[in-house]
Amino acid sequence: MIAGAEGVTPSKAGGLWLGSLDIEPPPGLRRPLVRFCQAWTERRAHLAGWLGAALCRRLEERDVIRRLCGSRVLTVTPTGRAVLARLFNVQSGQIDGREAR
């Protein structure tokens with residue numbers, strides 16, 4: 001991501017990565033593309049804005065993550081662990097904190 005006069009925009013590499021997930025911001029977007037937010041329950045930073053919602057939808061569609069019924073809580077599926085490790089270039093144990101960062 002690159003912060004500039006027009007707000008935050010994906011870098012060239014970031015745009016290619018998002019394209020590999022079939023995520024492309026629509027023209028004339030009114031909602032902020034990216035907004036960094038701290039979850040009030042967990043006190044942890046997370047990605048908010050259009051991009052955060054689009055990424056969450058895509059990962060749900062691909063059964064990488066699942067939403068607990070009637071909740072905002074997300075869980076990573078067994079297959080999703082491998083997918084996220086590949087997407088973010090981390091060891092699968094880092095996804096849930098089982099391995100040191």
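Helices here are DSSP runs of H or I with at least four residues, and they are numbered from the N terminus. With that settled, Leu59 can be placed in helix 2. One caution before the exercises: this is a predicted model.

**Exercise 1. Work out how Leu59 sits in the fold: is it buried or exposed, and what does it touch?**

Step 1. Start with the address, which is helix 2.

Step 2. Check the accessibility. Leu59 comes out at 9%, and the cut-off for buried is under 20%, so Leu59 counts as buried.

Step 3. List the partners. Skipping residues up to four places away in sequence, Leu59 touches Val64, Ile65, Leu84 and Leu87.

Step 4. Add a distance. Val83 is 24 residues from Leu59 along the chain, and their C-alpha atoms are 9.5 Å apart.

**Exercise 2. Find the largest nonpolar core and say which helix gives the most to it.**

Step 1. Count the members: this core has 16 residues.

Step 2. Pick out the well-connected ones. Ile23, Trp50, Leu51, Leu59 and Val64 have the most contacts inside the core.

Step 3. Ask where the members come from. Helix 2 (49-61) and helix 3 (78-88) each supply at least two of them, and helix 2 gives the most, with 6 residues.

Step 4. Put it in context. Nonpolar side chains in soluble globular proteins tend to be buried together.

Step 5. Zoom in on Trp50. Leaving out residues up to four places away in sequence, Trp50 touches Ile23, Glu24, Pro25, Pro26, Leu29, Arg31, Pro32, Leu33 and Arg57.

**Exercise 3. Look at Pro32 from the other side of that Trp50 contact: where does it lie, and what does it touch?**

Step 1. Pro32 is in the loop between helix 1 and strand 3 (35-38).

Step 2. With a relative accessible area of 44%, Pro32 is partly exposed.

Step 3. Beyond four places in sequence, Pro32 touches Gly49 and Trp50.

Step 4. Val8 is 24 residues from Pro32 in sequence, with 8.5 Å between the two C-alpha atoms.

**Exercise 4. Arg58 and Thr77 both carry polar side chain atoms worth a check. Decide for each whether it is buried or exposed, and name its contacts.**Step 1. Take Arg58, which lies in helix 2. Arg58 has a relative accessible area of 19%, so it is buried, given a cut-off of under 20%.

Step 2. Outside the four-place window in sequence, Arg58 touches Leu21, Asp22 and Ile23.

Step 3. Move to Thr77, in the loop between strand 6 (74-76) and helix 3. Thr77 has 4% relative accessibility and counts as buried.

Step 4. Once neighbours within four places in sequence are set aside, Thr77 is in contact with Asp63, Val64, Ile65 and Arg66. The Asp63 contact has some detail to it: the Thr77 side chain reaches the backbone oxygen of Asp63 at 2.8 Å.

**Exercise 5. Track down the aromatic pair and say which parts of the chain it ties together.**

Step 1. Searching the whole structure turns up 1 aromatic pair.

Step 2. Trp17 and Phe88 form that pair, which is tilted, with 5.5 Å centre to centre and 50° between the planes.

Step 3. Trp17 lies in helix 1 (residues 12-20) and Phe88 in helix 3, so the pair ties together parts that are 71 residues apart in sequence.

Step 4. Check the accessibility of both partners. Trp17 is partly exposed at 26%, and Phe88 is partly exposed at 42%.

**Exercise 6. Describe helix 3: which of its residues are buried, and what do they pack against?**

Step 1. The buried residues of helix 3 are Gly80, Arg81, Val83, Leu84, Ala85 and Leu87.

Step 2. These buried residues pack against helix 1, helix 2 and strand 6.

Step 3. See what comes after the helix. Asn89 follows helix 3, and its phi is positive, near 55°.

**Exercise 7. Step back to the whole chain: what is the pattern of helices and strands, and where is confidence lowest and highest?**

Step 1. Tally the elements: there are 3 helices and 6 strands.

Step 2. Read them in order along the sequence, and the pattern is β-β-α-β-β-α-β-β-α.

Step 3. Look at burial and surface. Of the 101 residues, 27% are buried. The chain exposes about 7,500 Å², and carbon and sulfur atoms supply 54% of that.

Step 4. Look at contact range. Among contacts with a separation of 6 or more, 26% involve residues 24 or more positions apart.

Step 5. Finish with confidence. The mean pLDDT is 80, and 82% of the residues reach 70 or more. Strand 1 (residues 2-4) is lowest, at a mean of 65, while strand 5 (residues 65-67) is highest, at 92.

Terms used. Residues numbered from 1 in each chain as written. Heavy atoms only, no water. Core = buried A, V, L, I, M, F, W, Y, C linked by side-chain atoms within 4.5 Å. Buried < 20%, exposed > 50% of the residue type's maximum accessible area, 1.4 Å probe, protein only. Helix = DSSP H or I, 4+ residues; strand = E, 2+ residues; numbered from the N terminus. Contact = heavy atoms within 4.5 Å. Areas by Shrake-Rupley, 256 points an atom, 1.4 Å probe, with all protein chains shown as cover. Polar contact = N/O pair within 3.5 Å; in protein donor to acceptor, adjacent residues only side chain to side chain. pLDDT = per-residue confidence, 0-100. Phe/Tyr/Trp six-rings, centres within 6.5 Å; stacked < 30°, edge-to-face > 60°.
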